[in-house]
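Work through the following exercises with the sequence and the model side by side. Try each task before reading its solution.

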Amino acid sequence: MNTNNLKNIAIEHLWMNSKSWLQSNKENGPRIIIDAKGIYVTDSEGNTFIDCNGGYSSVNLGYGRPEIAQVVKEQLNAISYFPQGSTTEPLIRLVEKLASMTPGNLNRIYPVTGGSEANETAIKIARGYHSRRGDKGKYKIISREGSYHGATGGVMWLGSPDKVSEFGVPYPGMVYVSQPNPLSNKYENESSYDNAVRCANEVERMILYHSPKTIAAVIAEPIVSQLPDQAVSPPNIIYWEMLRDICNKYGVLLIVDEVVCGFGRTGKWFGIDHFGITPDIMTVAKGVVSCYVPLGAVIVSEDIADAYVGSENLFRQALTFGGHPAAAAAALKNIEIIEKENLVNNAAEVGKYFLNRLNDLKSKHNMIGDIGGIGLMLGLSLINNDSVSKNINTNFSDKLKSKLIREGLLLRTNGKTIHFGPPICINKNQVDEIITKLDKVLFELEQE
Ligand SMILES: Cc1ncc(COP(=O)(O)O)c(C=O)c1O
């Protein structure tokens, strides 16, 4: 492989996620991954790294499982697509499987091709549900400040609208509430319970302020996976119990975004399993197929889906690639392996170990602030003391990243936080390897 040639072509023509071609040019071209197995990836120059964030917290199973490649190959050889108005066996088997895994009567599954599409679809289903029942004014969607639910036309306005303000007039009906976050130091000395109650009460206040006649749904991740300045911190269980009750009280649908939390990431199959409530709609992507091929799904309760029955009453949406048989076959195999290899328990157990090891690091490094997480969705903040926070700027962030890369760690950091979402097949020795390397980098930064 002529790496330089490929890199030049990428600089000339490729528009990557979260990276401009100018930046790529400065770095002599993007990193080209040519091999990957488990948590390790190798680039075209022969460097091997640990992918501490498993793609985009999405390669749950780990890289390079030949069983998945095999079923995709077999499926494409058997039947590669389907005529309009028909379907295929792997998709039927997949929706049966998903219905059996999800809580309550979440039994009707609409397949899509990723997380953004899943959330767009969930919002449409929620609005259409109310409209079909005669509540045409119920269109507003409540989301939590700082959350991310996708990048497309509607969902990009959820959670963090400032980041997308250049893209035009905000989507109508977006309502924002506070993020429950026990680590937030905005309200000093607030307990995790009080934090949860205050934030849930705010949802009710907002519903009343806007009038329940205008609110279609609340959308939230069970445990928020990425806040730009904070470590991961699950809310107190009371938050979700209250949210469920509030939504019931005012006829507001509860949409749970399991795009990151789902499929073992948090040490249970779904993030919401930690809280014992059943949402009206659940969205999944990423881990459902560990990113071997594109797939997402909207999992809807029977009551909501039943608003869409009858030939005059169809859900007006057709996504050509939704429910592709190769993606369905890959997802089925992915779930089968996660089950067989007990990887959800592994995420819980190794996640606890990882958290303990991060706490060991904290006792050695003054620059570490909060540490938090659940299962293999972990984060730490680097804003412990004022002198450190003042020094955290782009320069620091670049230095941190380049030292981590030199040590062979690819991970998500903006210089203020470091997030970890490794493949859930990671073992304790591999966690030790990450901690040793991180320890070295933080020590060097402190020396400098
Ligand atoms: C919580 C959450 N929801 C939705 C999305 C969007 O998913 P996708 O990138 O597959 O469109 C993401 C992506 O990172 C996410 O983190």
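The exercises below concern a predicted model, and each task is followed by a solution in steps.

**Exercise 1. A hairpin and its neighbour**

Task: Find how strands β2 and β3 pair, and then determine which strand β3 joins in the parallel sense.

Solution: Begin with strand β2, residues 40-43, and strand β3, residues 48-51, which pair in the antiparallel sense over three bridges. To check the register, take T42, whose bridge partner in β3 is T48. Next, look at the connection: β2 and β3 form a hairpin with four residues between them, and G46 in the turn has a positive phi of about 90 degrees. Finally, follow β3 to strand β13, residues 409-410, to which β3 is joined by two bridges, the two strands running parallel. Here I50 has L409 as its bridge partner in β13. Both senses of pairing can be placed in a general frame, since strands of a sheet pair through backbone hydrogen bonds, either parallel or antiparallel.

**Exercise 2. A covered strand**

Task: Decide how many residues of strand β4 are buried, and describe how β4 pairs with strand β10.

Solution: Strand β4 covers residues 106-112, and six of its seven residues are buried, which leaves the strand mostly covered. Its pairing with β10, residues 296-301, is antiparallel and extends over six bridges. One position that can be located on the model is P111, which stands opposite A297 in β10.

**Exercise 3. Two positive phi values in one loop**

Task: For K286 and C291, determine whether each residue is buried or exposed, and note the phi angle of K286 and of C291.

Solution: First locate the residues: K286 is found in the loop between β9 (281-284) and β10, and C291 also has its place in the loop between β9 and β10. Then read the angles, which are near 35 degrees for K286 and near 65 degrees for C291; each is a positive value in a residue other than glycine. For burial, the cut-off is 20 or more other C-beta atoms within 10 Å. K286 has 27 C-beta neighbours inside 10 Å and therefore counts as buried. C291 has 22 other C-beta atoms within 10 Å, so C291 is buried as well.

**Exercise 4. The shell around the ligand**

Task: Work out how many residues surround the ligand and which helix gives the most to this shell.

Solution: There are 14 residues around the ligand, and the closest are G114, G115, S116, G150 and V259. Sorting the shell by class gives five nonpolar, seven polar and two charged residues. Helix α6, residues 115-132, gives the most to the shell, with three residues.

**Exercise 5. An open sheet and a packed helix**

Task: Give the order of the strands in the four-stranded open sheet, and find which strands helix α11 touches.

Solution: The order is β11-β12-β15-β14, and the pairing is antiparallel. The edge strands are β11 (371-374) and β14 (412-413), each of which pairs on one side only. At the β14 edge, two bridges join β14 to the antiparallel strand β15, residues 417-420, and T413 stands opposite I418 in β15. Helix α11, residues 343-364, packs on this sheet and touches β11 and β12 (377-381), while its direction makes about 180 degrees with that of β11.

Key. Residues numbered from 1 in each chain as written. Predicted model: local features only at pLDDT ≥ 70, side-chain atom pairs only at ≥ 80, totals over all residues. Buried ≥ 20, exposed ≤ 12 C-beta atoms within 10 Å, placed from the backbone. Pairing = 2+ DSSP bridges. Near = placed C-beta within 6 Å. Nonpolar A, V, L, I, M, F, W, Y, C, P; charged D, E, K, R; others polar. Contact = placed C-beta atoms within 7 Å. Axes fitted to C-alpha atoms, helices over the stretch in contact; angles between N-to-C directions.
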